[in-house]
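The exercises below can be worked from the coordinates alone. Try each task before reading its solution.

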Amino acid sequence: MRRSSILALPLLFAAPIASAADPSKEPAPTMTAPIAYPETRATDVVDEAFGQKVADPYRWLENDVRTDKDVAAWVAAQNKVTDAYLATLPGRDVFAGRLKALFDYERFGLPEKKGGRYFYSRNSGLQNQSVLYVRDSLDGQGRVLIDPNGWSSDGATALAEWLPSEDGKLLAYSIQDGGSDWRTVKVLDVATGKVLDDEVKWAKFTMGASWAKDGSGFFYSRYPEPPADAQFQALNENHKVYFHKLGTPQSADRLVYSTPDAPKLSHYSGITDDGRYLVISTTEGTDNKNMVHIVDLQASDWTAKPIVAELKNDWSAIGNVGTTFYFSTDFGAPRSRIMAIDIASADLKPREVVGQQEATLGGASIVGQRLMLSYLVDAKTEVRRYLLDGKPDGTVALPGIGTASGFGGDPKDGETFFAFTSFNYPTTVFRYDVTTGKATPWAQPKVEFDPAQYSVEQRFYASKDGTKVPMFVVRKKDVTGPAPTLLYAYGGFNVPVLPSFSSARIAWLEQGGVLAVANIRGGGEYGKAWHDGGRLANKQNVFDDFIAAGEYLKKEGITGKDGLVIQGGSNGGLLVGAVTNQRPDLFAAALPAVGVMDMLRFDRFTAGRYWVDDYGYPSKEADWKVLRAYSPYHNIAAGKDYPAILVTTADTDDRVVPGHSFKYAAALQAAEIGAKPHLIRIETRAGHGSGKPTDKVIEEYADLWAFAAKWTGLEVKAQ
């Protein structure tokens with residue numbers, strides 16, 4: 001029942017770069033003839049706010065590419081110029097071929113056990129979309145249950161979330177088309193493979209479904225159907241929880257919970273493992289603050305009883321024993337703790353079960369009558385076990401320094417699964433026996449690289465205000481001198497950036513490039529204080545942390561004078577855009593992806609209104625002044641020599657609408673900021689990142705790494 005922050009801007013992980021023949025002597029990138037950018041019409045749109053006038057000459061690029069012919073023509077013209085430039089890069093074909101080989105390995109998702117069956121995703125290697133399988137026993141032969149690869153000719157229609165019923169006989173699954181956040185939910189008979197007539201529409205971000213214990217139907221959350229001409233840009237409001245009874249139309253679904261007087265609230269639900277209670281978590285934005293209501297499903301009226309009635313803290317339900325509910329919460333504990341509430345008591349007073357620790361509590365579940373608690377220790381995972389009364393019960397031995405996730409399952413079942421990954425450790429699925437404490441590999445990939453050739457070290461550097469910030473540095477062991485370096489960070493929404501394996505990054509590393517991942521403020525690495533230190537009026541700390549990381553890499557001789565390329569996606573795209581404006585001299589190249597670039601209008605589209613928890617309100621003067629000061633679109637510094645920039649976005653992104661990147665790229669191209677290329681690569685029939693076909697991922701990274709190699713002086717060689 002663990003609630004996740006699905007409305008936050010998700011992390012977009014990148015890959016690595018390639019090195020020169022002599023990494024201590026990076027050849028200066030050769031300049032090319034000035035690029036003839038497409039002409040972008042500038043209008044005289046000017047907004048006035050709090051006594052200041054702000055021009056927005058490219059406002060028309062906010063329009064939907066599906067319905068505005070001028071925007072569609074602009075996209076086509078930009079892609080034509082960008083494609084022509086990328087075709088000249090010598091390392092592009094090498095990267096494309098190597099990326100294809102590196103992606104071509106068998107990958108598994110965490111299995112879900114229901115009714116004695118094991119459901120899991122598998123990708124044979126280069127399949128555009130992973131396939132859903134089922135086994136009738138732990139070691140049984142898997143059979144294909146859903147293969148989405150035939151759903152569309154371009155591979156851009158994906159199987160998103162899926163959930164088996166308690167007896168494992170039925171499966172609810174959602175369809176994501178063209179990368180959109182909208183979901184269509186369907187139901188499948190597991191034994192026959194037949195898709196039932198049931199269909200639920202207008203769920204968004206996630207399917208958000210949970211099966212009734214008897215399999216009669218499922219609970220889910222959705223928005224009202226938007227106007228046909230605004231499906232991908234209209235604000236998302238009036239979220240509601242419904243129950244869908246199998247065999248009935250969606251129009252007959254029973255409304256379970258809504259807040260019509262507070263349309264900005266969002267509601268997600270989950271059924272307890274005993275099947276008796278529905279737990280409803282209510283949020284307003286991306287902040288980790290929620291209310292909790294509980295519905296006793298044995299009652300006929302399904303009244304939602306308030307358990308936590310105020311939006312002040314994070315209360316994530318992890319399970320129950322009768323009327324005693326266990327929560328992970330930051331109530332009175334900035335790094336979070338475990339508390340229990342007896343919902344049958346009159347005062348609903350929480351009691352502490354496991355207190356706050358030095359490390360940050362990142363995940364919690366109940367399996368085999370044990371609390372499985374995942375902690376972050378300097379952005380690395382430790383998993384600690386406790387009895388339900390809070391008594392310590394040992395730890396889970398992990399394969400090394402990295403990231404562990406999973407540990408779901410039945411509170412009474414001693415079998416669970418977890419995934420482990422690190423920068424040089426491909427994601428491996430382990431079966432864990434809670435009784436014996438033994439972990440055994442369940443799905444271990446075989447990849448085309450030797451992990452022993454790579455080193456992973458963690459360093460700490462000082463930011464502008466003296467704050468110590470951790471940073472991972474990954475490279476081949478024989479790369480000892482300055483080398484082209486990819487610096488990545490996110491810095492927002494309480495989201496930690498943890499060690500993880502990326503085939504794309506290996507393509508960069510094996511050429512001799514360096515990967516640096518900075519755990520800057522704004523993330524969740526050190527709990528609430530770390531998050532608060534990098535949001536709202538403190539957002540400049542995020543940029544200072546990132547700039548300090550770049551300075552440290554140069555000072556320590558990890559990268560050379562002109563060898564630093566920066567990358568970030570979504571909120572990280574904002575990060576890259578902001579620091580490029582503030583310190584264009586520090587970077588050789590910048591790769592901002594699907595970024596939030598207009599900080600004065602972000603809250604007017606789709607999910608943007610949720611982000612005010614991290615960014616503030618453009619309608620409030622104090623917040624507006626902070627946003628105006630770092631907004632990438634509004635602070636391009638004419639007269640300065642900018643690094644080479646390759647903006648990436650997708651024409652149908654309905655989370656961070658592509659107008660952000662369109663306007664930013666147009667402003668870059670119109671400004672006097674030097675002769676290096678300032679291009680935009682616009683993917684078609686793709687969204688914010690999830691559901692993107694493997695072939696599109698490979699093509700995009702080949703372009704990114706070839707561009708980065710060109711402008712950091714990396715000599716790309718065939719492997």
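Contact here means heavy atoms within 4.5 Å. Helices (H or I, at least four residues) and strands (E, at least two) are DSSP runs, numbered from the N terminus. The model is predicted: local features need pLDDT of at least 70, side-chain atom pairs count only at pLDDT 80 or more, and totals for chains, interfaces and linings use all residues. Residues are numbered from 1 along each chain as its sequence is written, and side-chain values use heavy atoms, with hydrogens and water left out.

**Exercise 1. Helix H9**

Task: check the length of helix H9 (residues 659–670), decide how far it is enclosed, and list elements that cover it.

Solution.
- Step 1. The expected span of a helix is 1.5 Å times one less than its number of residues. For the 12 residues of H9 this gives 16 Å, and the end C-alpha atoms are 16 Å apart, so the two agree.
- Step 2. Buried means under 20% relative accessible area, exposed over 50%, and partly exposed in between (1.4 Å probe, protein chains only). In H9, 11 of the 12 residues are buried, so the helix is largely enclosed by the rest of the structure.
- Step 3. The buried residues of H9 include Phe 662, Tyr 664 and Leu 668, and also the polar or charged His 660, Lys 663 and Gln 669.
- Step 4. Among the elements that cover these buried residues are helix H1 (69–86), H6, E37, E38 and E39.

**Exercise 2. The sheet of 8 strands**

Task: give the strand order of the open sheet of 8 strands, then place helices H5 and H6 on it.

Solution.
- Step 1. Two strands pair if DSSP finds at least two bridges between them. The order is E32-E33-E35-E34-E36-E37-E38-E39, and the pairing is mixed.
- Step 2. Strand E32 (454–462) and strand E39 (678–683) are the edges, each pairing on one side only. From one strand to the next the twist averages 20 degrees.
- Step 3. Axes are lines fitted to C-alpha atoms, for helices over the stretch in contact, and angles run from 0 to 180 degrees between N-to-C directions. Helix H5 (residues 539–555) lies across E32, E33, E34, E35 and E36, at about 120 degrees to E32.
- Step 4. Strands E37 (residues 589–593) and E38 (residues 644–650) are parallel, with 3 bridges. Ala 593 stands opposite Thr 648 in E38. Helix H6 (residues 571–582) packs on the sheet, touches E36, E37 and E38, and makes about 140 degrees with the direction of E36.

**Exercise 3. Two helix pairs**

Task: classify the crossings of H5 with H6 and of H2 with H10.

Solution.
- Step 1. Angles under 35 degrees count as roughly parallel, over 145 as roughly antiparallel, 65 to 115 as roughly perpendicular and the rest as oblique.
- Step 2. The axes of H5 and H6 come within 10 Å and cross at roughly 70 degrees. H5 is therefore roughly perpendicular to H6. Residues of H5 including Phe 543, Phe 546 and Ile 547 meet residues of H6 including Leu 574, Leu 575 and Val 579.
- Step 3. For helix H2 (residues 92–103) and helix H10 (residues 694–712), the axes come within 8 Å and cross at roughly 140 degrees. This makes H2 oblique to H10.
- Step 4. Among the residues that meet are Phe 95, Leu 99 and Phe 103 in H2 and Val 697, Tyr 701 and Trp 705 in H10.

**Exercise 4. Hairpins and Arg 384**

Task: describe the hairpins E30–E31 and E26–E27, then characterise Arg 384.

Solution.
- Step 1. Strand E30 (residues 425–433) runs antiparallel to strand E31 (residues 438–443), joined by 5 bridges. Asp 433 has Lys 438 in E31 as its bridge partner. The hairpin has 4 residues between the strands, and Gly 437 takes a positive phi near 75 degrees.
- Step 2. Strand E26 (residues 380–387) and strand E27 (residues 392–396) pair in the antiparallel sense over 3 bridges. This hairpin also has 4 residues between its strands, with Gly 390 at a positive phi near 95 degrees.
- Step 3. Arg 384 belongs to E26, and its bridge partner in E27 is Thr 395.
- Step 4. The relative accessible area of Arg 384 is 17%, so this residue is buried. Its contacts, leaving out residues up to four places away in sequence, include Gln 357, Leu 371, Met 372 and Tyr 375.
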